[in-house]
Amino acid sequence: ASTLGAAAAEQGRYFGTAVAAYKLSDSVYSGILDREFNMVTPENEMKWDATEPSQGSFSYGSADQIVSHAQSHNQRVRGHALAWHSQQPGWVQNLSGTALRNAMVNHVTQVATHYKGKIYAWDVVNEAFADGGGGGRRDSNLQRTGNDWIEVAFRTARAADPGAKLCYNDYNTDGQNAKSNAVYAMVQDFKSRGVPIDCVGFQSHINSASPVPSDYQANLERFAALGVDVQITELDIEGSGSTQAENYRKVTQACLNVSRCTGITVWGIRDSDSWRASGTPLLFDGNGNKKAAYTATLTALGGG
Ligand code: G3I
């Protein structure tokens, strides 16, 4: 196979990218998107501030644009993200307690219902654990509504769209550390109590401060052993040339080595599409040319 998506498919996996709706009219961008990728994640368009800018009033325009583009190009969709402490509209930031909990439940129900049947997997809850060695929940307005907010979000999403896989998604959980241990304990607890969870997303934003952990594959494996799928959900790797290519190879190979690793998503197409203010963390350069990292990834997938 000569593209990322086709090569991944031959391995029983998908290869995806984050997509911004306003870039779909850029023919270089959409040319690469439709040639190489068979899964898309709306980069910002399904977040709370975009989909419910004022309470009870939903706006799906740009997210729908991405979903319909995906459907007409044989791409599946990872929904991102139903409940998150960041990118909340102002009205949410001003709520607390029962009012916030009810707003969260309603938001999850409405958005998951709107996209019912169209989403491969939802990031139901994003980034709910704290960084550092404490291994606790992140303090946030959602967390302050009660420790059960995460399971309530998952049960609500399941009720709204029983066909979508439901994921917990986070960063700096790519190796075994206090944060990933805490997520692991939550997944184990959810599994033992029958709280619906199907997958864990490992964002994998790799840079010199957080390089590819030596136990990257082992970490994926221990989560998979809990009975969930694992996915690499927001991959980007700082650097260039052969070092960057080798890191992309390692991550790709780790996913292939774990049978329940169902796919890889990169967080943007060209370096110029990256959320990072500077750097060259993606697979295509600013002109849309394939980088060494692209070739290493395609080769690791068995393509070429
Ligand atoms: O939409 C406004 C626009 O109206 C305004 O003119 C412009 C001025 O700066 O800002 C636009 O909003 C920006 C938005 O992206 C859309 O482009 C926000 O400022 C900017 O903060 C926002 O950044 C996004 C970031 O999440 C916000 O947290 C990035 O694009 C997006 O790549 C990034 O993605 C996150 C994942 O959701 C979760 N994991 C980490 C990842 C990287 O930070």
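**Figure 1. Lining of the largest pocket in the predicted model.** By class, 4 nonpolar, 7 polar and 5 charged residues make up the lining of the largest pocket. The structure shown is a predicted model. The volume of this largest pocket is about 270 Å³. Among its 16 lining residues, those closest to the centre of the pocket are Trp84, Glu127, Glu234, Trp267 and Trp275.

**Figure 2. Confidence of the prediction.** The average pLDDT of the chain is 98, and 100% of the residues score at least 70. For the model as a whole, the scores are ipTM 0.94 and pTM 0.98. In general, predicted coordinates should not be read in detail where pLDDT is low.

**Figure 3. Threonine 17 in strand 1.** Threonine 17 is located in strand 1, which spans residues 14-19. Threonine 17 is classed as buried because its relative accessibility is 0%, against a cut-off of under 20% for buried residues. Beyond its neighbours within four places in sequence, threonine 17 has contacts with Leu33, Phe37, Met39, Val40 and Thr41, as well as with Thr265, Val266, Gly268 and Ile269. With one of these residues, valine 266, the approach is through the backbone: the side chain of threonine 17 reaches the backbone oxygen of valine 266 at 3.5 Å. The view also includes arginine 78, which lies 61 residues from threonine 17 along the chain; the C-alpha atoms of the two residues are separated by 9.6 Å.

**Figure 4. Glutamate 36 in helix 2.** Helix 2 comprises residues 27-36 and contains glutamate 36. The relative accessible area of glutamate 36 is 1%, so this residue counts as buried. A polar contact of 2.9 Å joins the side chain of glutamate 36 to the side chain of arginine 35. When residues up to four places away in sequence are not counted, glutamate 36 touches Thr3, Leu4 and Gly5, together with Phe284, Lys290 and Tyr294.

**Figure 5. Packing of helix 9.** Helix 9 covers residues 216-224. Its buried residues are Tyr216, Asn219, Leu220, Arg222, Phe223 and Ala224. The buried residues of helix 9 pack against two other helices and two strands: helix 8 (178-193) and helix 10 (241-257), and strand 6 (199-202) and strand 8 (229-237).

Terms used. Residues numbered from 1 in each chain as written. Predicted model: local features only at pLDDT ≥ 70, side-chain atom pairs only at ≥ 80, totals over all residues. Heavy atoms only, no water. pLDDT = per-residue confidence, 0-100. 1 Å grid on protein atoms, 1.4 Å probe; cavity = no way out; pocket = protein on both sides within 12 Å on 5 of 7 lines; lining within 4 Å. Points joined across faces, edges and corners; volume = space filled by probe spheres on them. Nonpolar A, V, L, I, M, F, W, Y, C, P; charged D, E, K, R; others polar. Helix = DSSP H or I, 4+ residues; strand = E, 2+ residues; numbered from the N terminus. Buried < 20%, exposed > 50% of the residue type's maximum accessible area, 1.4 Å probe, protein only. Contact = heavy atoms within 4.5 Å. Polar contact = N/O pair within 3.5 Å; in protein donor to acceptor, adjacent residues only side chain to side chain.
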